[in-house]
Amino acid sequence: MRFLIAALFLCCAAAYDPLDPNGNITIKWDIMSWTPDGYVAVVTMSNFQMYRHIMSPGWTMGWTWAKKEVIWTMVGAQTTEQGDCSKFKGNIPHCCKKNPTVVDLLPGVPYNQQFSNCCKGGVLSSWGQDPQAAVSAFQVSVGQAGTSNKTVKVPKNFTLLGPGPGYTCGPAKVVPPTNFLTTDRRRKTQALMTWNVTCTYSQFLARKHPSCCVSFSSFYNETITSCPTCACGCENKKKCVKSDSKLLSMVGINTPRKDNTPLLQCTHHMCPVRVHWHVKVNYKDYWRVKVAITNFNYRINYTQWTLVVQHPNLNNVTQVFSFDYKPLVPYESINDTGMFYGMKFYNDLLMEAGPSGNVQSEVLMQKDENTFTLKQGWAFPRKVYFNGEECMLPPPDTYPFLPNSAHPSRVSISTLFCFVLMFFVVMW
């Protein structure tokens with residue numbers, strides 16, 4: 001019993017993100033009209049996560065029907081399988097499966113198959129990066145479902161892949177009907193029935209190893225603190241490719257696999273992504289940092305990437321030179337977290353591993369005399385997230401240190417030697 005409670009607590013704790021405590025993906029079903037054997041609904045998926053988006057190949061949604069419902073038609077999305085519809089004569093449903101799996105349509109589909117906020121290949125931006133692109137929707141006509149609020153049963157067992165595992169969805173809850181404004185904004189209408197499903201993300205459920213790591217360097221120390229060895233696990237160590245391998249010239253080497261199996265460049269850390277934080281310059285009233293993100297995966301381009309950093313001096317960012325920047329303030333009294341992301345059409349695409357597989361920018365911050373110091377690793381971030389995944393940081397005792405604090409024992413010995421020498425001179 002104790003083990004069960006501990007496991008449940010660990011699972012719930014992993015799904016809670018302290019840097020985005022209210023982040024979730026909400027799936028909303030709005031029944032817009034009744035049909036002879038069911039209803040027509042608009043399903044809207046909103047990504048309320050501030051810095052975690054869904055990249056290609058996009059989201060996949062699933063559920064289990066409560067009764068013997070079928071999907072007659074869909075606009076703006078499609079099920080991956082039709083199922084057994086052999087009992088129907090004449091009109092054949094779009095899907096007869098008890099547990100349908102739905103995906104978004106690709107861009108460029110015919111106009112009569114499109115719906116508002118559809119057809120983006122399942123790609124969803126994060127709410128903090130682009131709220132308008134953080135919404136996806138489709139229309140579904142459901143049959144054999146009941147034709148009133150009392151006879152309709154909400155679906156069960158919702159699932160969401162984004163694009164891989166990690167999301168856990170709660171039960172559908174009937175909520176007050178959604179209100180809509182007409183185009184002239186002079187009349188308000190409402191849905192006939194509405195229910196919501198909330199899905200939260202857990203890195204603990206998504207993977208057993210981190211997917212990125214962090215390295216440090218500074219102007220005041222020649223030592224480069226690299227990512228920890230096997231920071232992202234070494235399962236792919238035997239399948240990695242050296243940067244000068246002839247295999248990289250083969251046609252199709254960069255084509256993604258259906259199971260998203262990576263093809264990593266051989267490194268000691270074996271991470272798909274490395275974030276490097278370099279303390280570059282220390283001015284009188286300001287200090288400058290260079291941030292570089294490197295892709296070591298030959299099969300993935302990271303579109304609309306995000307980088308979240310937690311550092312106490314992010315409360316006074318003066319200028320970010322080559323990235324866009326937005327403060328994240330989940331707790332109004334604390335301003336120590338910010339989101340960096342690429343400038344649109346400039347560096348919002350992190351290319352696959354190779355000469356172009358990196359993006360970088362410099363950050364200028366104003367000093368706070370009461371807190372600023374270069375001692376004891378203060379200049380390096382407390383947490384780093386890439387695409388919503390927390391990266392592994394090096395151990396604190398390996399951070400670059402100030403030269404004058406490198407060998408305190410030698411200073412103590414030399415000081416003692418001077419005292420002894422002065423003692424003998426006085427005695428003599």
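Where is Y16 found? Y16 sits in the loop between α1 (2-15) and β1 (25-35); such helices (H or I, at least four residues) and strands (E, at least two) are DSSP runs numbered from the N terminus. This is a predicted model, in which local features need pLDDT of at least 70 and side-chain atom pairs count only at pLDDT 80 or more, while totals for chains, interfaces and linings use all residues. Residues are numbered from 1 along each chain as its sequence is written, and side-chain values use heavy atoms, with hydrogens and water left out.

**View 1. Y16 helps to make a surface patch.** With a relative accessible area of 45%, Y16 is partly exposed (buried means under 20%, exposed over 50%, partly exposed in between; 1.4 Å probe, protein chains only). Together, Y16, Y331 and I334 make a nonpolar surface patch of about 290 Å².

**View 2. Here is the largest nonpolar core.** A nonpolar core is a set of buried Ala, Val, Leu, Ile, Met, Phe, Trp, Tyr and Cys residues joined through side-chain atoms within 4.5 Å. This one has 36 residues, and W277, W305, L307 and F386 have the most contacts inside it. Strands that each supply at least two of its residues include β14 (212-218) and β19 (306-310). A second, separate core of 35 residues includes W29 and L124.

**View 3. S218 lies in strand β14.** S218 is buried, with a relative accessible area of 6%. Not counting residues up to four places away in sequence, S218 touches H278, V279, F380 and P400 (contact means heavy atoms within 4.5 Å).

How values were computed
Patch = residues over 30% accessible without salt bridge, like charges linked within 9 Å, V, L, I, M, F, W, Y side chains within 5 Å. Areas by Shrake-Rupley, 256 points an atom, 1.4 Å probe, with all protein chains shown as cover. Salt bridge = Lys/Arg side-chain N within 4 Å of Asp/Glu carboxyl O.
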